[in-house]
Amino acid sequence: MTTLEATAEAVALETAARSPARPAARRRTTGLTALLAVIALLAAVPVLYVASLSVRSRDDVLNGGLLPSRLFWQNWPDAFRAVDLGHYIANSLTVAAGSVVLTLLVAVPGAYFTARAGRRGARLATLVLSSYCAPPVVAVLPLFYLLRNLELNNTVAGLALVDGLANVPVAIWLLDGFVRQVPKEIEEAAWLDGLGTWASLRRVVLPLISPGVAAAALICFFLSYNEFLFALSFAQDSTAQTLPVLLSLFQGDKNVEFGQQAVVSLIGVAPVYVLAVAAQRRLVAGLSSGALK
């Protein structure tokens, strides 16, 4: 047998050995695709139901059915006439963006300290995270008087301040792991080059943890955009109220405008949904890199 014939026979044997595995792999891929499709459908059910409510009359909603008996499009123009929806969405976006800036300004150096300061950093991390042991409602009264003394009640800036500080523990918890993955030798080399602690944090560590910073910023943005308790407590005037507060206003004393509330919900969730889809890769990459490094 020549060398060419032996090579051809070996390739044929290898192909025959692999052929039974291909249907199994194809079945596994099909099963995984079907599972992901079911999960996506279950995740979309709440949104689809809200969309169904937006085209149903009040009586149709109270009948308890999942689907409209007939389409009632009047909810859409009525919702836009009832409230200045753009104003409330702009307030929510402004509060969320401002709070993210404040959160990162505090959380980035905070996470650096918890990751690099040994026992003192561990104590700070425990102290910061322990604030989540108590319900947020216990902080409403002291924060109310604090904002009143600062003359920030009923202002977007006051809500951004409160939300930004409230999200600091979450951001520190997320960023701490990213900072720990940065080798200390890199910082030591920067110190030898004459950089101080703050300069090395800004010029060396921060670029390396930028995926984590982006992920933390997105998560804190979503938390602030959806925050209700502080927005309801510290913004009694419509000039500073956010979208979650607007949704609660549709709950009247006797009648609840389910259809209009559903319309506002769909429109209000659209900006964060678009942001989540646009930043999906960055968010997943940031969280996964922090978990795998």
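## Charged residues and hollow spaces in an all-text tour

D60 is buried, and R56 is buried too. Their side chains pair up in a salt bridge, with N and O 3.8 Å apart. Keep in mind that this is a predicted model.

Some background on the chain helps here. It has 16 helices and 0 strands, and buried residues account for 35% of its 293 residues. If you take the contacts with a separation of 6 or more, 71% of them join residues 24 or more positions apart.

**Salt bridges**

A search of the whole structure turns up 5 salt bridges. Here are some of them, with the N to O distance for each pair.

| Acidic residue | Basic residue | N to O distance |
|---|---|---|
| D60 | R56 | 3.8 Å |
| E257 | R58 | 2.6 Å |
| D78 | R81 | 2.4 Å |

Take E257 and R58, whose closest N and O atoms are 2.6 Å apart. E257 sits in the loop between α14 (243-249) and α15 (258-278), while R58 belongs to helix α3 (residues 58-62), so this pair ties together parts that are 199 residues apart in sequence. Both ends get some solvent: E257 is partly exposed at 25% relative accessible area, and R58 is partly exposed at 32%.

The D78 and R81 pair is a local affair. These two are 3 residues apart in helix α4 (residues 75-82), which means about one helical turn separates them. D78 is partly exposed, with a relative accessible area of 22%, whereas R81 counts as exposed at 59%.

**Two buried acids**

What does a buried acid do when it has no salt bridge, as with E227? The nearest side chain of opposite charge, R148, is 19 Å away from E227. The side chain of E227 turns to backbone instead: it reaches the backbone nitrogen of L229 at 2.9 Å, and a polar atom of that side chain lies 2.7 Å from the backbone nitrogen of F230. E227 itself is placed in the loop between α12 (210-225) and α13 (229-234). Setting aside residues up to four places away in sequence, E227 touches D163, T242 and P244.

D176 is the other buried acid to look at, with a relative accessible area of 14%. D176 lies in helix α9 (residues 168-181), and its side chain makes a polar contact with the side chain of R180 at 2.6 Å. Neighbours within four places in sequence aside, D176 is in contact with A111, T114 and A115.

**Cavity and pocket**

How many cavities of 30 Å³ or more does the search find? It finds 1. The largest cavity holds about 30 Å³ of space, and E227 shows up again in its lining, along with V95, L159, D163, S224, A231 and T242. Two of those names, D163 and T242, are also among the residues that E227 touches.

The largest pocket holds about 490 Å³ of space. Among the 19 residues that line this pocket, S131, Y132, P136, A166 and F230 are the closest to its centre. F230 is the residue whose backbone nitrogen lies 2.7 Å from a side-chain polar atom of E227. As for helices, α8 (156-166), α12 and α13 each supply at least two residues of the pocket lining, and α8 gives the most, with 4 residues.

Notes. Residues are numbered from 1 along each chain as its sequence is written. This is a predicted model: local features need pLDDT of at least 70, side-chain atom pairs count only at pLDDT 80 or more; totals for chains, interfaces and linings use all residues. Side-chain values use heavy atoms; hydrogens and water are left out. Buried means under 20% relative accessible area, exposed over 50%, partly exposed in between (1.4 Å probe, protein chains only). Lys and Arg count as positive and Asp and Glu as negative; His and the chain ends are not counted. A salt bridge is a side-chain nitrogen of Lys or Arg within 4 Å of a carboxyl oxygen of Asp or Glu. A polar contact is a pair of N or O atoms within 3.5 Å; within protein, one must be able to donate a hydrogen and the other to accept it, and residues adjacent in sequence count only if both atoms are side-chain atoms. Contact means heavy atoms within 4.5 Å. On a 1 Å grid over the protein atoms alone, a cavity is a set of points where a 1.4 Å probe fits but cannot get out, and a pocket is an open set with protein on both sides within 12 Å along at least five of seven lines; lining residues have an atom within 4 Å of a point. Grid points are joined across faces, edges and corners, and a volume is the space filled by probe spheres set on the points.
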